[in-house]
Each structure stands twice: as C-alpha cells, then as structure tokens.
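Here is a quick walk through the packing of one protein model. Have the viewer open and follow along.

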Amino acid sequence: MRVVIAGRIGTTGQKLIRHLQAQGHHLLLIGSKPDVTISELGDIATAGSSTLAAAGRGYDLLVYLAETDDAAIGIAEPPPLASMLSEQAHLAGIERLVYLAAPGTPAADLQPIEDLGFETLELPPLAENEAGVASHDELGLNRLIESIVLPVQDLDGTQVAVIPHNSNASFRILKRVIDLALAIGLVLAIWWAMIIIWAAVRLQSPGPGIYRQPRIGQNGRLFTCLKFRTMLLSTPDRGTHEISDTAVTGLGRFLRRTKLDELPQVFNVIRNEMTFVGPRPSLPSQSEVVIERERRGVLQAKPGITGLAQINGIDMSDPVRLAEYDQRYLELQSPRLDFQIMLATLVGRGGGDRTRK
C-alpha cells in the first residue's frame, strides 16, 4: 500500500511510520519543511503540503495525525491544514482519509468530498509506565495501526480503536448485564408476538414452530441454538448456503428477510450460551469455518445473534473472510461498536446465510 502521512508526528506517529515501513508499505511524508528528513525514521519521501495534489498521485491512503501526547489536550475541530489536505488528496486521486484523533475528542467534522472515504480513528487512552512516563498502550496501538491499513467496516464513517476487551473482566460483566437486560426486556415486551409467529409456523407447514440445531459455542462447546423454523421439515441438516431456496417456506422467507426467525435466540442469551453481538455460531459440520476461527482465536468468544461479518454481508460460505471479520470484531469490540452493529442490523443491513439458488 502507498500511504501519505501528514499532521503532527509525535510518539504515536513515529510508531505508525515504523510499523508501516516494517510491513513494506511505501510512504510519503507531508510537511511544511519537506527538505527536512526525520533521520531516526530512515529515508522517507517528502513533499510540501501545497504539492500533495501532484506528489500524492498513485497513493491509496492519507493519514492525518491530529494527535497529542498529552491526554488533557483535545482537538475539538480539525485544523485548516486537514481540510486543505483532504481537498488536495481528492485531486491526487487518493480514495481514503483517516483522521487520527486524541482519546475522548469529538470526531473531526471535515467537509465531505465525493469519492473520498473519511474515517476517524481514536487513540487508546494514555497510561503511565513504571518510570511515570505517559504513553499509549502498545497492544491498543498495534490494533489501531492494523485498523488504518485494513479498515474493518464503515457503519457511520467512524471507528474507535481500543484495547481488546476479551480479557477485561469489567467489560465482560457489562456486556453480560446489557445482554440480560435486553433479552429479558424483549421477552416481556413481545412474548405475545413470539407466540403468534410460533403458531403461524406450525399452521403453514408440518413440523415444530421452534427449530433446534446443535451449534459450536464458546471454547468449542456445543449448545442447542433456537430459531423459528423457516424451512420444510424434510430439509437436510446442513449449512444454509448448501440448501436450495426451494426448501424455504413462504412464511420462512419473510421471517428470514426481517430476521424475526432469530428471536428465540434471546433465550440462548438468557442461558448465557450466546450474546447479542459476536461471531455467528457455526454447525459442527462446517469444518472450514471452525478451522479458520480456531486459527484466529475466535472460538474463545461467545457466539452472537448478529455480528460484524453479518452486517457486511459475509456468511459461512466464505470461511476465511468470515473468520477475518470475526477476529477484527474481537480486536476492536466495545459497547459503542456493539451498539453500532445492533443498530445496523435493525435497519436491515446485512442478513443471514443465503440459500443456494
């Protein structure tokens, strides 16, 4: 990848540059004094800020470092240079701008430019080391840098890079409390609708209203996943993408399109077998998915009703890409990201596994 870097090259900026160099990316450093090379960072191509439109041709990405090493200092608005560079980047044919902000600061409010993707990434919080020097957590920085090179998704143009929360007890407790509150609240609010759907499924085709299927849960343990039945009783127990769409009932098509077939999984959430947001559980027979997820540590997570892969239209038929998105979610998960994914699901983004035409 060819990356243009501009803004304030502080501690984080230098780490970003070293990481990108180590990964073999070609860099162009934009500054007011292009003739001055940062000797510690090696030989990097430089250009003045006013020449980006010409010097940046052929580059893929512009990273603007609106960073600070002082957590008390925030950047409420992007400096004029950032706005000017976004226009220059557009003229150069650069397709993506990443605005790297200090922790806790508002998202940058740059004027949208057609064909220029814009994201804000937030630095992880500062913490003091044993010597009393404040710095950003290395693990959080590594995740952030990976997010710059490999964007995760685009829910609302904003993404937050955080320290992975899987090992954070407070986050696990908070996520469980939110799961229980939402699941119990849903059952109390729409139990009558669930009974109506159950009865309608029973009436339309022979068989139970609730479909029970073994799925792989947290740490590889099997559990029984609940769904409203959307297919004929004679349908083989395989991955959805392996099944003909002729097996789906008329009501089942509606339930799958509206995602109402997933409603019984609130009881899986209450039983602590699933969470609202996480990697979708696979069948034991979907060995490629299991292997790819095991390689990336995804099986350690509790499966979810919806997830990052699903809102991006990725299902079990693409095991490698699915596992990559599952891994990225686990690396960046936070209450804010969970809320964004649930909101995207509610408004109809993504969908379940597609049947075979």
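What follows goes from the cores to the helix pairs and then to a few single residues.

## The cores

First, a reminder that this is a predicted model. Its largest nonpolar core counts 35 residues, and F228, F276, Y329 and I341 have the most contacts inside it. Plenty of elements chip in: α5, β10 (222–228), α6, α7, β11, α9 (308–311), α10 (319–332) and α11 (335–346) each bring at least two residues to this core. There is also a second, separate core of 19 residues, with A6, Y59, Y64 and L116 among its members. As a background note, nonpolar side chains tend to be buried together in soluble globular proteins.

What does F276 touch, once its neighbours within four places in sequence are left aside? The list runs D179, L182, A183, L186, V266, V269, G304, I305, T306 and M342.

## α5 against α6

Helix α5 (residues 169–204) and helix α6 (residues 250–258) have axes that come within 9 Å and cross at roughly 145°. On the α5 side the contact is made by I197, A200, V201 and Q204, and on the α6 side by G250, L251, G252 and L255. Sorted by class, that makes five nonpolar and three polar residues, with no charged ones.

Now look at α6 by itself: L251, G252, L255 and R256 are buried there. Viewed down the axis of α6, the buried residues stay within an arc of 130°, so they line one face of the helix. That fits the usual helix geometry: with 3.6 residues a turn, residues three or four places apart point the same way. The buried residues of α6 pack against both α5 and β10.

## R202 on α5

Still on helix α5, have a look at R202. Is R202 buried, partly exposed or exposed? It is partly exposed, at a relative accessible area of 43%. Not counting residues up to four places away in sequence, R202 touches G207, P208 and G209. From R202 to F228 is 26 residues in sequence, and the C-alpha to C-alpha distance is 9.9 Å.

## α8 against α10

The other helix pair is α8 and α10, whose axes come within 9 Å and cross at roughly 35°. This crossing is right-handed. From α8, E288, V289, E292 and R293 meet P319, V320, L322, A323 and D326 of α10. The class split here is five nonpolar, four charged and no polar residues.

R293 deserves its own moment. This arginine sits in helix α8 (residues 287–295), and its relative accessible area is 3%, so R293 counts as buried, the cut-off being under 20%. Setting aside neighbours within four places in sequence, R293 is in contact with P279, R280, P281, S282, V298, L299, M316, L322, A323 and D326.

## Two positive phi values

Most residues other than glycine have a negative phi, so which ones here go the other way? K259 does, with phi near 65°. K259 follows α6 and is placed in the loop between α6 and α7 (265–270).

N272 is not a glycine either, yet its phi is positive at about 65°. Look for N272 in the loop between α7 and β11 (275–277). N272 is partly exposed, with a relative accessible area of 39%.

Definitions and conventions:
Residues are numbered from 1 along each chain as its sequence is written. This is a predicted model: local features need pLDDT of at least 70, side-chain atom pairs count only at pLDDT 80 or more; totals for chains, interfaces and linings use all residues. Side-chain values use heavy atoms; hydrogens and water are left out. Helices (H or I, at least four residues) and strands (E, at least two) are DSSP runs, numbered from the N terminus. Buried means under 20% relative accessible area, exposed over 50%, partly exposed in between (1.4 Å probe, protein chains only). Contact means heavy atoms within 4.5 Å. Axes are lines fitted to C-alpha atoms, for helices over the stretch in contact, and angles run from 0 to 180 degrees between N-to-C directions. Ala, Val, Leu, Ile, Met, Phe, Trp, Tyr, Cys and Pro count as nonpolar, Asp, Glu, Lys and Arg as charged, and the others, Gly among them, as polar. A nonpolar core is a set of buried Ala, Val, Leu, Ile, Met, Phe, Trp, Tyr and Cys residues joined through side-chain atoms within 4.5 Å. The arc is that of the directions from the helix axis to the C-beta atoms. A crossing is left-handed if the near helix is turned anticlockwise from the far one by less than a right angle, and right-handed if clockwise.
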